[in-house]
Amino acid sequence: MKKIKTIEDLGLDYEIVEKLKSNGYNTLESIATARVEDLKEILGIPEQIVREIIYLAMKNVDVHIITGLEALEKRKSIKRITTGSKSLDELLGGGIQTKTITEFAGEFGSGKTQICHQLSVNVQLPEDKGGLNKSAIYIDTENTFRPERIMQMAKALNLDDKKVLENIIVARVFSVDQQIFLVENKLEELIQQKDAGLIVVDSLTSLFRAEYIGRGMLAARQQKLNKHIHDLSRIADMYDIAVVVTNQVMARPDTFFGEPTIPIGGHIVGHGCNYRVFLRKAKGGKRIARIIDAPDLEEREATFVIVSDGIRDEDVIKKRRK
Ligand code: GTP
Ligand code: MG
C-alpha cells in the first residue's frame with residue numbers, strides 16, 4: 001500500500017481536500033490535531049465522518065514517541081536569548097528559550113514592544129554574548145516597529161546598526177487572515193532563507209480582538225487563535241526557534257478579588273504558550289515581570305528598567321545617579 005504522506009493521499013473527495021486547505025489544514029499533522037467541532041463546521045459533514053478523517057490522519061502521522069533520556073537530550077538542545085536584564089533572564093530560567101512560545105502580557109506601556117525590539121537585536125549576538133548569531137522575523141500587527149529604536153539598542157551593544165536592521169525581517173500585517181496566512185504559508189520559507197532564530201508576533205491578539213467583536217464571535221475567534229498558536233508552536237519546535245508573542249490584558253468584568261486583569265484570548269492563549277510572563281509598571285519607571293503557570297519555573301517576580309540603551313537591570317539607573 002502506498003504510504004500516506006499528504007492530505008491528497010487520504011483518498012478524500014476533491015471538494016473536501018480543497019475546503020481543508022483553504023482553511024489552513026495543509027498537512028496531515030494539522031488534521032490529526034484538529035478539533036472535531038472545527039472540521040465539522042468547515043466541512044459541513046456528519047461528525048462520524050469527521051472523526052474517521054481525523055483518525056486516518058492520526059494513524060499516518062509520525063507520533064513523537066521518545067524516551068525520558070531522549071527528552072532530556074532535547075531539553076539540553078534548547079538555546080537561549082538574553083533579554084538584556086539578568087534579573088529577567090533568571091526569571092525565565094536563563095533567557096528566552098528556543099522550541100518554545102513565550103508570551104508577554106501586560107497593559108499599554110508595560111514594555112512588551114520594547115522587549116520584542118531588544119530580543120530582535122540580541123538574537124544576533126554571538127552565543128557567548130547571549131545570542132544565537134541568527135536573524136529575527138518580526139510580525140507587526142500594530143505598526144509599532146521602530147527601526148530607530150533598534151539602531152539605538154544596537155549601538156548600545158557596539159553592533160553595526162545597519163547590519164542589525166538588515167537582519168530583522170519585518171512583516172506588517174493588517175488583518176487576522178493575513179496574520180494566519182503568513183504563518184501558515186510563508187513563515188517556514190522565510191526562516192530557512194534568513195536563518196532566523198527568533199519570531200516575534202507583536203501583538204498576537206490585537207487583530208483578533210478588533211475583528212471578532214461580541215459574544216457571538218467568541219467561539220470562532222478562539223478556534224482560529226487556537227490553530228494559529230498551534231502552528232507557531234509546531235514551527236518553534238521544528239526549526240529550533242524562539243517564538244515571542246505579546247498580549248494585552250483587559251479589565252476583568254466579573255471579579256472583585258484576585259487578578260484585576262486577564263490576558264486576551266484567555267486559556268486558549270495561556271495553554272498554547274509555554275511561558276506566560278505578566279508585565280506591570282511600577283514606581284520610578286521600573287517594570288515588574290511575573291511568571292505564572294510555568295512547567296519548570298517557580299512563580300516569582302523580577303524587576304527591570306527600560307532606558308535609552310534598551311532593557312536593563314534596575315541597577316543601571318542607580319549606578320548613573322552615583
Ligand atoms: P502597548 O503595545 O500599548 O500595549 O504597550 P507595550 O507594552 O508594547 O509598551 P512599550 O513596549 O511600547 O513601552 C513603551 C514604554 O517604553 C514607554 O512608555 C517608555 O517608558 C519606554 N520607552 C520606549 N522607548 C524608550 C526610549 O527610547 N527610552 C526610554 N528611556 N524609554 C523608552
Ligand atoms: Mg506594544
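Q: How many residue pairs are in polar contact across the interface of domain 1 and domain 2, and what makes a pair count?
A: The rule finds one residue pair there, with both residues at pLDDT 80 or more. To count, a pair of N or O atoms must lie within 3.5 Å; within protein, one must be able to donate a hydrogen and the other to accept it, and residues adjacent in sequence count only if both atoms are side-chain atoms. A quick heads-up: this is a predicted model, where local features need pLDDT of at least 70, side-chain atom pairs count only at pLDDT 80 or more, and totals for chains, interfaces and linings use all residues. Residues are numbered from 1 along each chain as its sequence is written, chains are lettered from A and ligands numbered from 1 in the order in which they are written, and side-chain values use heavy atoms, leaving out hydrogens and water.

Q: What makes up the side of domain 1 that touches domain 2?
A: Two helices, α2 (28-32) and α3 (36-43), each supply at least two of its residues; helices are DSSP runs of H or I with at least four residues, strands are E runs of at least two, and both are numbered from the N terminus. By type, that side has one nonpolar, five polar and four charged residues. Here Asp, Glu, Lys and Arg count as charged, Ala, Val, Leu, Ile, Met, Phe, Trp, Tyr, Cys and Pro as nonpolar, and the others, Gly among them, as polar.

Q: Where does each domain run along the chain?
A: Domain 1 covers 7-59 and domain 2 covers 73-321; such bounds come from an automatic or database domain assignment. Their contact, meaning heavy atoms within 4.5 Å, takes 10 residues from domain 1 and seven from domain 2.

Q: Why can T113 be said to make a polar contact with ligand 1?
A: One of its polar side-chain atoms sits 2.7 Å from an oxygen atom of ligand 1, so the pair is within the 3.5 Å limit. Q248 passes too: a polar side-chain atom of Q248 is also 2.7 Å from a ligand 1 oxygen. For G111, a polar backbone atom is 3.1 Å from an oxygen of ligand 1.

Q: How many residues surround ligand 1, and what makes a residue near it?
A: There are 16, the closest being G109, K112, T113, Q114 and Q248. A residue is near if one of its heavy atoms lies within 4 Å of the molecule.

Q: Which peptide bond is cis, and where does S203 lie?
A: The bond from D202 to S203 is cis, with omega near 5°. S203 lies in the loop between β6 (196-202) and α11 (206-211).
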